[in-house]
Amino acid sequence: KELSISGEPIFDQVLTYGHLNIHNQNLCTVPINPNHDQSLMEYCEVNSLALMAAAPLSMGLLSHNPPPFWHPASNSLKQACQEAARIAEGQNVNLPMLAILVALAHDAVGCTLLGMGCKTDVDNALAAVKRYTKVHDLEEKKLPDSKCATSGIKDNGKALRMQIQCKLASILSESEATVLQILFDESNGPFADIWHRNEQAWDGISEADNFWSGVDGGKEAAEIRMRVRSV
């Protein structure tokens, strides 16, 4: 560990994962702590911190495949994502493509990190980026109200979701726009109950603790073994 005594900021960028996608906008809707009224995204913007958001496909949940067996999400969230996939398939919509476009739609995120496991995933991601460049072309004309909110704490992200739909409207097909509207429906959409119960995220710390509890000797013993191997 290192200690900075120069007075310079000790970090200038933040990386988060799984908190800005179709079913989870906690990056904009949850205060960074009980004593703040700012979301993490808003805090980063105000303090000139670069923000990187990973896992726009929610680590495989927002796809047309069954969820990975190891995924830490609740069964209800996994089922909601599978329902979202069925809705997309019913409209011949590529859900991963739509999910990537949604993740790209926020101005305050300087970098979106996406894991890809095959050539199809790479092609899909490249196609999404090429489509999204058209949004940037329109923004250069300084269209009004094109910037998305960095905080959705007061309305639990409702305005943010509406802004994302409006921002992507020029590049989405009619079927894609219809699917996105259904997925963002807070009353009858597949994630309506998830949002109501605040189950759109999972407890990564608890999941990590559960993982290490199954390792011989726990995390501390594993760290010692790794240090020995590196000598």
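Biologist: Leaving aside neighbours within four places in sequence, which residues is I87 in contact with?
Modeller: This is a predicted model. I87 is found in helix α3. Leaving aside its neighbours within four places in sequence, the contacts of I87 are V179, I182, L183 and P190.

Biologist: Is I87 buried or exposed?
Modeller: The cut-off for buried is under 20% relative accessible area. I87 has a relative accessibility of 18%, so I87 counts as buried.

Biologist: What separates the C-alpha atoms of I87 and V179?
Modeller: V179 is among the contacts of I87. Along the chain, I87 and V179 are 92 residues apart. In space, their C-alpha atoms are separated by 6.9 Å.

Biologist: At roughly what angle do the axes of α3 and α7 cross?
Modeller: Two packed helices are described by the angle and the distance between their axes. Helix α3 covers residues 75–90, and helix α7 covers residues 174–183. Their axes come within 9 Å. The crossing angle is roughly 155°.

Biologist: Is α3 roughly parallel or antiparallel to α7?
Modeller: The axes of α3 and α7 cross at roughly 155°. Angles over 145 degrees count as roughly antiparallel. Therefore α3 is, relative to α7, roughly antiparallel.

Biologist: Is the crossing of α3 and α7 left-handed or right-handed?
Modeller: The two helices come within 9 Å, axis to axis. Where α3 passes α7, the crossing is right-handed.

Biologist: How many residues of the contact of α3 with α7 are nonpolar?
Modeller: From α3 come A84, I87 and A88. From α7 come V179, I182 and L183. In this contact of α3 with α7, no residue is polar and no residue is charged, and the nonpolar ones number six.

Biologist: Is α4 roughly parallel or perpendicular to α7?
Modeller: Helix α4 spans residues 95–104. The axes of α4 and α7 come within 11 Å and cross at roughly 75°. That angle is why α4, relative to α7, is roughly perpendicular.

Biologist: How many residues of the contact of α4 with α7 are charged?
Modeller: On the α4 side the contact is made by L95, M97, L98 and V102. On the α7 side it is made by E176, V179, L180 and L183. In the contact of α4 with α7, seven residues are nonpolar and none is polar. The number of charged residues is one.

Biologist: Which strands stand at the edges of the sheet?
Modeller: Three strands form an open sheet with parallel pairing, in the order β1-β2-β3. Each edge strand has a single partner strand, so one side of each is left without a neighbour in the sheet. The edge strands are β1 and β3 (111–113).

Biologist: What does the twist average from one strand to the next?
Modeller: The open sheet is built in the order β1-β2-β3. From one strand to the next, the twist averages 20°.

Biologist: Over how many bridges do β1 and β2 pair?
Modeller: Strand β2 covers residues 50–54. In β2, L15 has M52 as its bridge partner. T16 has A53. The sense of the pairing is parallel, and the bridges number five.

Biologist: Which side chains of β1 point to one face and are buried?
Modeller: In a regular strand the side chains alternate between the two faces of the sheet. Along β1 (residues 13–17), Q13, L15 and Y17 point to one face and are not buried. The side chains that point to the other face and are buried are V14 and T16.

Biologist: What is the relative accessible area of T16?
Modeller: T16 sits in strand β1. Leaving aside neighbours within four places in sequence, T16 is in contact with L27, L51, M52, A53 and A54. T16 is buried, because its relative accessible area is 13%.

Biologist: What is the phi of A55, about?
Modeller: A55 is found in the loop between β2 and α3. A55 counts as buried because its relative accessibility is 14%. A55 is not a glycine, although its phi is positive, at about 65°.

Biologist: Is N92 buried or exposed?
Modeller: N92 is placed in the loop between α3 and α4. N92 has a positive phi of about 55°, although N92 is not a glycine. The relative accessible area of N92 is 75%, so N92 is exposed.

Technical notes:
Residues are numbered from 1 along each chain as its sequence is written. This is a predicted model: local features need pLDDT of at least 70, side-chain atom pairs count only at pLDDT 80 or more; totals for chains, interfaces and linings use all residues. Side-chain values use heavy atoms; hydrogens and water are left out. Axes are lines fitted to C-alpha atoms, for helices over the stretch in contact, and angles run from 0 to 180 degrees between N-to-C directions. Helices (H or I, at least four residues) and strands (E, at least two) are DSSP runs, numbered from the N terminus. Angles under 35 degrees count as roughly parallel, over 145 as roughly antiparallel, 65 to 115 as roughly perpendicular and the rest as oblique. A crossing is left-handed if the near helix is turned anticlockwise from the far one by less than a right angle, and right-handed if clockwise. Contact means heavy atoms within 4.5 Å. Ala, Val, Leu, Ile, Met, Phe, Trp, Tyr, Cys and Pro count as nonpolar, Asp, Glu, Lys and Arg as charged, and the others, Gly among them, as polar. Buried means under 20% relative accessible area, exposed over 50%, partly exposed in between (1.4 Å probe, protein chains only). Two strands pair if DSSP finds at least two bridges between them.
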